[in-house]
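Trainee: I am new to this structure. Please take one part and look at it closely with me.

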Amino acid sequence: QVQLEESGGGSVQAGGSLTLSCAVSGYRYGPASYCLGWFRQAPGKEREGVASIYNGGGYTTYADSVKGRFTVSTDNAKNTLYLQMNSLKPEDTAMYYCAADHVRPCNVASETQFGNWGQGTQVTVSS
């Protein structure tokens, strides 16, 4: 079973930056066949997709709310997924989760297809 562990969350002021990391282990199949994603859930709201990346080709998708501010990437040598977050806004405050699975299509709207999730890391942005 694929295991994921997030890190890098914290508290920042609006306009600041954070980089989240997600260590991935236990790939059952070749890592290149997986779709990796970042999702977030704010208090009282449903979980939403933030960004995704197809590990085999680097194809990425983003939620409209984060386009131009967030960048998703992978370091396959380290089996690590990243989310670089710039120009953070108070509305970005949420618990952030990473996920991995054989998801097709690999995009942020395919949340229900992800079966492997991390425990989450909290991001708090103050105004």
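In which strand is Thr121 found? And what surrounds that residue?

Mentor: A word first: this is a predicted model. Now to your residue. Thr121 is found in strand β11, which covers residues 121–126. Its relative accessible area is 11%. The limit for buried is under 20%. Thr121 therefore counts as buried.

Look next at what the side chain does. The side chain of Thr121 reaches the backbone nitrogen of Gly9, at 3.1 Å. Gly9 also appears among the residues in contact with Thr121. Set aside the neighbours within four places in sequence, and the contacts are these: Glu6, Ser7, Gly8, Gly9, Leu20, Ala94, Met95 and Tyr96.

Now step back to the whole chain. It has 11 strands and zero helices. From the N terminus on, every element in the order is β. Of the 127 residues, 43% count as buried. Thr121 is buried too. Take contacts between residues at least 6 apart in sequence: 58% of them join residues at least 24 apart.

What about overall dimensions? The C-alpha atoms fill a box of roughly 45 × 25 × 25 Å along the principal axes. The radius of gyration is 13 Å. A compact globule of 127 residues would have one near 14 Å, so the chain agrees with that rule.

Compare your residue with Ser25. Ser25 lies in strand β3, residues 18–25. Its relative accessibility is 34%. Buried stops at 20% and exposed begins over 50%, so Ser25 counts as partly exposed. Beyond its neighbours within four places in sequence, Ser25 is in contact with Gln1, Val2 and Gln3. Follow the chain from Ser25 to Asn55: they are 30 residues apart in sequence. In space, their C-alpha atoms are 14 Å apart.

Asn55 leads to one more feature. Asn55 helps to line the largest cavity. A search of the whole structure finds one cavity of 30 Å³ or more. The volume of the largest cavity is about 30 Å³. Its lining also includes Val24, Tyr27, Leu36, Thr74, Asp75, Asn76, Asn79, Thr80 and Leu81. Two strands, β7 (70–75) and β8 (80–85), each supply at least two of the lining residues. By class, the lining has four nonpolar, five polar and one charged residues.

Back to where we began. Keep this picture of Thr121: a buried residue in strand β11, with its side chain reaching the backbone nitrogen of Gly9.

Notes
Residues numbered from 1 in each chain as written. Predicted model: local features only at pLDDT ≥ 70, side-chain atom pairs only at ≥ 80, totals over all residues. Heavy atoms only, no water. Helix = DSSP H or I, 4+ residues; strand = E, 2+ residues; numbered from the N terminus. Buried < 20%, exposed > 50% of the residue type's maximum accessible area, 1.4 Å probe, protein only. Polar contact = N/O pair within 3.5 Å; in protein donor to acceptor, adjacent residues only side chain to side chain. Contact = heavy atoms within 4.5 Å. 1 Å grid on protein atoms, 1.4 Å probe; cavity = no way out; pocket = protein on both sides within 12 Å on 5 of 7 lines; lining within 4 Å. Points joined across faces, edges and corners; volume = space filled by probe spheres on them. Nonpolar A, V, L, I, M, F, W, Y, C, P; charged D, E, K, R; others polar. Rg over C-alpha atoms; globule rule 2.2 N^0.38 Å.
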